[in-house]
Amino acid sequence: MASVQQVEGRGAEPTREVSEDELFDVLANQRRRFALHLLKKEGDETIAIGDMAEQIAAWENGIDTTEITGSERKRVYTALQQSHLPMMDDAGVVRFNKNRGTVEPTPALQDVDLYMDVVEGREIPWSTYYVGLSAVAAALAGAVWLDAWPFTLLPEFAWTVAIVVAFLFSALAHKYYTAEMKVGEPEEPPELN
């Protein structure tokens with residue numbers, strides 16, 4: 001659904017809600033995720049497709065931008081221009097001007113973080129971790145309430161503090177971890193770290 005909204009002095013611009021399906025389609029491709037990361041890293045700046053292609057080619061090949069070849073850059077540039085950026089523009093995540101060769105983020109780009117829970121290798125999602133921690137805390141509280149040995153060795157208050165501290169440290173670790181994995185925050189995309 002289209003609406004009109006004021007965006008920081010740029011005048012009225014048509015914008016629309018991005019559906020979850022469209023956003024997941026955008027996020028399904030690594031090259032598009034790299035483009036989103038670069039756009040979020042640059043803030044509200046407009047980026048030339050050539051500069052975007054150069055950085056994405058460097059990330060894809062694990063090299064510095066000064067080391068990429070013309071063919072590596074051209075391969076990414078062509079794919080961005082013909083496929084990825086038009087699709088992202090249709091989804092409403094970016095504004096792609098093919099004639100000028102520029103890409104700029106839309107307000108919908110801010111929603112991307114809501115859908116990124118990067119889980120690497122054998123890690124478990126944070127939601128599963130918190131369910132497990134809650135189960136352990138409930139079992140501990142039950143054992144203390146039933147006066148089961150060895151839980152009677154410490155007062156109930158000590159066990160309460162232990163549970164609160166476990167959740168506090170977990171929340172702090174989660175906050176630190178998600179800051180490191182946030183799209184647009186670190187220098188390189190989260191999946192390269």
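In this predicted model, P150 lies in the loop that links α5 (126–145) to α6 (156–180). The peptide bond leading from W149 into P150 is cis, and its omega angle is near 10 degrees. The loop between α5 and α6 also holds D147. Although D147 is not a glycine, its phi angle is positive, at about 55 degrees. The relative accessible area of D147 is 54%, and the residue is therefore classed as exposed, the cut-off for that class being over 50%.

The chain as a whole contains 6 helices and 5 strands. Read from the N terminus, these elements follow the order β-β-α-α-β-α-α-β-β-α-α. Of the 193 residues in the chain, 32% are buried. When contacts between residues at least 6 apart in sequence are considered, 59% of them connect residues at least 24 apart.

An open sheet is built from 3 strands, arranged in the order β3-β5-β4 with antiparallel pairing. The edges of this sheet are occupied by β3 (47–48) and β4 (94–97); each has a single partner strand, so one side of each lacks a neighbour in the sheet. In general, the strands of a sheet pair through backbone hydrogen bonds, in either a parallel or an antiparallel manner.

Each of the two pairings can be described residue by residue. Strand β3 joins β5 in the antiparallel sense through 2 bridges, and A48 is placed opposite T102 of β5. The pairing of β4 with β5 (residues 102–105) is likewise antiparallel and comprises 4 bridges. Within this pairing, V94 has P105 of β5 as its bridge partner, R95 is matched with E104 of β5, and F96 stands opposite V103 of β5. The strands β4 and β5 form a hairpin in which 4 residues separate them. In the turn of this hairpin, G101 adopts a positive phi of about 70 degrees.

The side chains of β4 show a clear division between two faces. In a regular strand, side chains alternate between the two faces of the sheet. Along β4, V94 and F96 point to one face and are buried, whereas R95 and N97 point to the other face and are not buried. Residue R95, which belongs to strand β4, has a relative accessibility of 21% and therefore counts as partly exposed; the limit for a buried residue is under 20%. The C-alpha atom of R95 is separated by 6.2 Å from that of P105, although the two residues are 10 apart along the chain.

Helix α4 (residues 70–91) is placed across β4 and β5, and its direction makes an angle of about 135 degrees with β4. Helix α4 also meets helix α1 (residues 20–27): the axes of the two helices come within 10 Å and cross at roughly 160 degrees. With this angle, α1 is roughly antiparallel to α4, and the crossing of the two helices is left-handed. On the α1 side, the contact is made by E22, D25 and V26, and on the α4 side by M87, M88, D90 and A91. By residue class, the contact of α1 with α4 consists of 4 nonpolar and 3 charged residues, with no polar ones.

A further helix pair is formed by α2 (residues 30–42) and α3 (residues 49–61), whose axes come within 10 Å and cross at roughly 120 degrees. The two helices are therefore oblique to each other, and the crossing of α2 and α3 is right-handed. Helix α2 contributes R31, F34, A35, H37, L38 and L39 to the contact, while α3 contributes M52, Q55, I56, W59 and E60. The residues of the contact of α2 with α3 comprise 7 nonpolar, 2 polar and 2 charged.

Definitions and conventions
Residues are numbered from 1 along each chain as its sequence is written. This is a predicted model: local features need pLDDT of at least 70, side-chain atom pairs count only at pLDDT 80 or more; totals for chains, interfaces and linings use all residues. Side-chain values use heavy atoms; hydrogens and water are left out. Axes are lines fitted to C-alpha atoms, for helices over the stretch in contact, and angles run from 0 to 180 degrees between N-to-C directions. Angles under 35 degrees count as roughly parallel, over 145 as roughly antiparallel, 65 to 115 as roughly perpendicular and the rest as oblique. A crossing is left-handed if the near helix is turned anticlockwise from the far one by less than a right angle, and right-handed if clockwise. Contact means heavy atoms within 4.5 Å. Ala, Val, Leu, Ile, Met, Phe, Trp, Tyr, Cys and Pro count as nonpolar, Asp, Glu, Lys and Arg as charged, and the others, Gly among them, as polar. Two strands pair if DSSP finds at least two bridges between them. Buried means under 20% relative accessible area, exposed over 50%, partly exposed in between (1.4 Å probe, protein chains only).
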